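Q: Please give me a close look at one thing in this model: the empty space inside it and what lines that space. Start with the enclosed part and work outwards.

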Amino acid sequence: MTTAKEIQQGQILFQGGQKIDALYLIVKGTVSVVYPGGCYILHNGDVVGLCAAGCDVAYAEYRAEEELTVISYPFEPGKVKEMVDKNGDAVRFFVSSLFRQLKEVFENYKALKSQCISLYGHVTENYKDYVALCGKYHLTPGEPEGYKELAELSLAEDMPPWMWGYYAALSQMISAWDIKKIDKDFVSGLLLRASGDIHMAAVLCTQMEEYRKNICQAIMNEKGKNLMELFIVLYERVVRREGPEGEDAAAVRMKMNSLMMELEGQGMEKSAYSHKRAVYEKQIEEIGKGMEGPEGGEDMSYEELSAARELEGSLEMILSYAGCGEELKASFRENIQNYKQISNKNGAEDDVRMLRQKLTKDFYQVYTAAFKNSVQSGEVPNVIKMLFNFGYVDEELAGMENAKYLYRIAGNLPTAPDKGVYSYYEWLRAVYEGRKEPSRNEFDLDYAGYLAERRKSGDITKQEEAEQLEDPMAKVAYELENVFPVLNKVTFGRVSTFCPLFSSHNVLKPLESILVSAEMTSGIFEDICQKDFGAYCREMLFSAPEQGVVREFINIDVRPDIILAPNVGVRGVMWQEIEGKRRTTPARMLVSVFQMEDLAQILTRLTGEFRWEMCKRIQGARWNDLSERSLTSEYFDYIQFYRRNNDLSTEAKEKIKTDMGRARNSIKEMFVMDYSLWILYESNGSPRLNKVARNILFTYCPFSAQVREKLKINPLYRELVEHYDMHMGQKLHRIDNLCQKLRSTGKAVPEEIERERAFIAM
């Protein structure tokens with residue numbers, strides 16, 4: 001049954017992937033049809049959804065560009081004939097609109113194909129000329145990113161060349177017929193066949209649009225090497241040799257203009273390329289005027305020249321990418337300029353301190369806006385990666401040599417998210433993509449608890465709470481607002497002078513010597529665990545009755561996630577010992593991406609903190625109750641009553657008193673100090689702890705068999721080692737009996753039990 005209906009401007013009638021349940025004949029208004037390879041407009045007399053008649057779902061988005069009046073024709077996919085039979089009066093609209101839409105899509109297909117062929121030829125010819133000129137000027141030619149993957153357009157399944165002529169002739173023939181007398185089966189077949197051909201053309205347009213974008217990226221992009229950058233570096237070399245009026249300089253300049261005009265012809269002028277084009281035009285103009293390029297430019301490699309050019313105007317590039325409001329842009333620009341002019345950026349004067357606070361506030365807003373854009377656009381230029389991973393905003397503030405180094409490593413950081421080592425941007429992406437849950441905030445609330453508190457205080461409704469629990473961007477916003485500022489400041493270490501912007505005044509060592517890598521952190525943790533083999537092991541219950549194991553406690557090794565804060569810092573943070581409530585999830589630790597202090601000592605301290613916090617987590621409210629023997633309860637009792645402990649000498653008691661002062665009377669901090677001595681010195685047979693502390697640590701943080709064997713010769717450790725070996729021998733005997741029992745009944749020993757046996761034997 002047909003019905004007339006009104007549709008508001010901006011409303012989406014159908015979107016890609018949505019089932020079409022009706023066709024709409026437009027009586028008044030216009031509708032835009034957007035598919036991945038193109039778009040067109042439907043007017044009065046056109047039928048919305050007709051091109052998907054042969055598909056189960058829509059493959060284009062149909063949006064009302066004006067207020068619409070339409071007549072609705074109920075429709076079920078696959079039942080075209082039934083719909084035609086019921087709506088004979090509308091057949092003439094179906095047929096005429098079908099041919100109009102065929103023409104729109106086919107013409108777009110032909111135009112795109114022509115553009116792709118022309119564009120490929122243009123790029124390859126210009127690149128050949130570039131290589132030839134590089135040879136003439138003794139410059140090793142670069143290669144545009146992705147150029148090797150470019151090839152002539154090749155469509156696996158193309159439209160037959162006769163297709164458009166066929167439909168054009170068919171359209172002329174039908175226009176001469178009496179539409180009322182056309183066979184309904186013919187109309188049904190025409191709709192099905194033509195809609196299938198339109199869909200095929202649209203799919204091909206999508207493929208060609210992707211191909212066209214790839215070629216345009218090779219000419220000019222926001223990420224790295226491209227043909228325009230190569231020509232600019234070449235142009236600078238040519239101008240240095242023969243001046244801006246030379247024949248080759250004019251030829252190179254003409255080719256660059258030609259490339260930019262080609263992009264403009266490809267519709268790229270209004271995209272993100274417009275800013276890049278403005279930057280390139282300014283560079284070309286400056287070189288042409290004979291202005292000096294980067295210092296030492298004549299002897300710089302392509303990579304150095306390219307990086308120097310790319311880094312010019314970094315702040316404007318970042319602000320443009322982030323899409324911040326004009327007020328924020330103006331404030332950030334002005335504050336950065338003022339900051340650059342201050343000789344003592346760590347000054348304690350009120351005006352300097354206030355400026356750092358303003359910059360900090362603006363920085364996090366820009367950072368958040370840039371992250372949101374990176375998710376939406378999918379394009380992350382090197383300069384933006386520098387913002388995300390190092391806090392970089394300006395080449396002068398960073399120092400050009402530092403900036404060039406950051407530029408070189410920005411796209412290839414030595415991290416390994418699959419092994420638990422994340423740059424800060426990689427961490428935020430992991431949260432956004434649901435691979436990691438947001439961190440607990442400084443009040444120890446997880447994301448769900450934080451939202452519950454906001455709901456209780458009336459900041460959000462119950463519905464908003466449920467929506468934000470599932471919203472990936474809301475999770476990232478929470479991480480950026482509630483966790484990032486705190487951790488960035490703490491890892492930086494110098495809290496009173498903290499400013500999150502990368503600045504050369506904070507760089508006191510060569511950057512390449514203090515860059516933290518996944519290989520480095522993995523090596524340090526491996527070294528710690530070769531001494532304290534149970535440092536990151538968690539006890540869990542294993543049960544497999546079908547394999548003959550009813551109930552056994554086993555230990556599993558779960559190494560922590562390391563997140564690299566975007567700063568040049570001196571500290572590390574053990575932020576949380578588990579994710580959520582599951583004890584078998586990784587801890588979260590943060591260190592600066594450029595760590596100026598000894599990383600091994602920092603990670604050893606963090607391991608001690610983890611040991612303490614994990615024990616508290618397991619013990620719960622009884623963490624300091626000596627009737628429930630544990631690492632925390634015994635150490636708490638030792639510190640609390642050390643003055644009455646007869647096993648401690650007067651000198652030992654005085655040392656504890658002094659150390660507690662250094663630990664600011666924190667028992668946890670005191671333990672971490674002792675744990676560091678345990679790993680760094682005692683494991684090598686160099687005593688630093690008193691007898692009581694050594695006994696506690698040997699009981700709960702025992703050394704591996706290899707270390708114990710070395711320490712046995714020392715009387716201070718011999719009794720501890722013998723007692724431990726006897727105790728673990730009993731455990732090993734019990735596991736061996738279990739394994740023997742399983743084998744005697746013809747059952748294989750589960751892998752988990754084998755691993756536990758190896759753990760006990762360590």
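The largest cavity and the two main pockets

A: Sorted by class, the lining of the largest cavity comes out as nine nonpolar residues, three polar and no charged. (Nonpolar here is Ala, Val, Leu, Ile, Met, Phe, Trp, Tyr, Cys and Pro; charged is Asp, Glu, Lys and Arg; the others, Gly among them, are polar.) Bear in mind that this is a predicted model, where local features need pLDDT of at least 70 and side-chain atom pairs need 80 or more, while totals for chains, interfaces and linings use all residues. Numbering runs from 1 along each chain as its sequence is written, and side-chain values use heavy atoms, with hydrogens and water left out.

A cavity is a set of points on a 1 Å grid over the protein atoms alone where a 1.4 Å probe fits but cannot get out; a pocket is an open set with protein on both sides within 12 Å along at least five of seven lines, and lining residues have an atom within 4 Å of a point. Points are joined across faces, edges and corners, and volume is the space filled by probe spheres set on them.

Searching the whole structure turns up four cavities of 30 Å³ or more. The largest cavity holds about 70 Å³ of space. Its walls are Phe390, Phe492, Phe498, Cys499, Pro500, Leu501, Phe502, Ser503, Asn506, Pro566, Asn567 and Val568. Strand S12 (residues 561-569) is the top contributor, giving three residues. Helices (H or I, at least four residues) and strands (E, at least two) are DSSP runs numbered from the N terminus.

Phe390, one of those wall residues, also belongs to helix H12, where it is buried along with Asn382, Val383, Ile384, Met386, Leu387, Phe388 and Asn389. H12 (residues 382-390) is largely enclosed by the rest of the structure, because eight of its nine residues are buried. Buried means under 20% relative accessible area, exposed over 50% and partly exposed in between (1.4 Å probe, protein chains only). After H12 comes Gly391, with a positive phi near 75°.

Now to the open spaces. The largest pocket has about 1,400 Å³ of space. Of its 40 lining residues, Glu539, Asn555, Thr699, Tyr700 and Lys731 are the closest to its centre. Two or more lining residues come from each of strand S10 (537-544), strand S11 (549-557) and helices H21 (599-619), H25 (691-700), H27 (715-744) and H28 (751-760). H27 gives the most, nine residues. This lining has 20 nonpolar, eight polar and 12 charged residues.

The second largest pocket has about 710 Å³ of space. It has 27 lining residues, and nearest its centre are Arg571, Gly572, Arg605, Leu606 and Glu609. Strand S13 (572-576), H21 and helix H24 (667-680) each put two or more residues into that lining, with H21 supplying the largest share at seven. By class, the second pocket's lining splits into nine nonpolar, five polar and 13 charged residues.

H21 therefore turns up in the linings of the largest pocket and of the second largest one. Between H24 and H25 there is a loop, and Arg688 sits in it. Arg688 is partly exposed, as its relative accessible area is 38%. Its C-alpha is 16 Å from that of Thr604, a residue 84 positions away along the chain.
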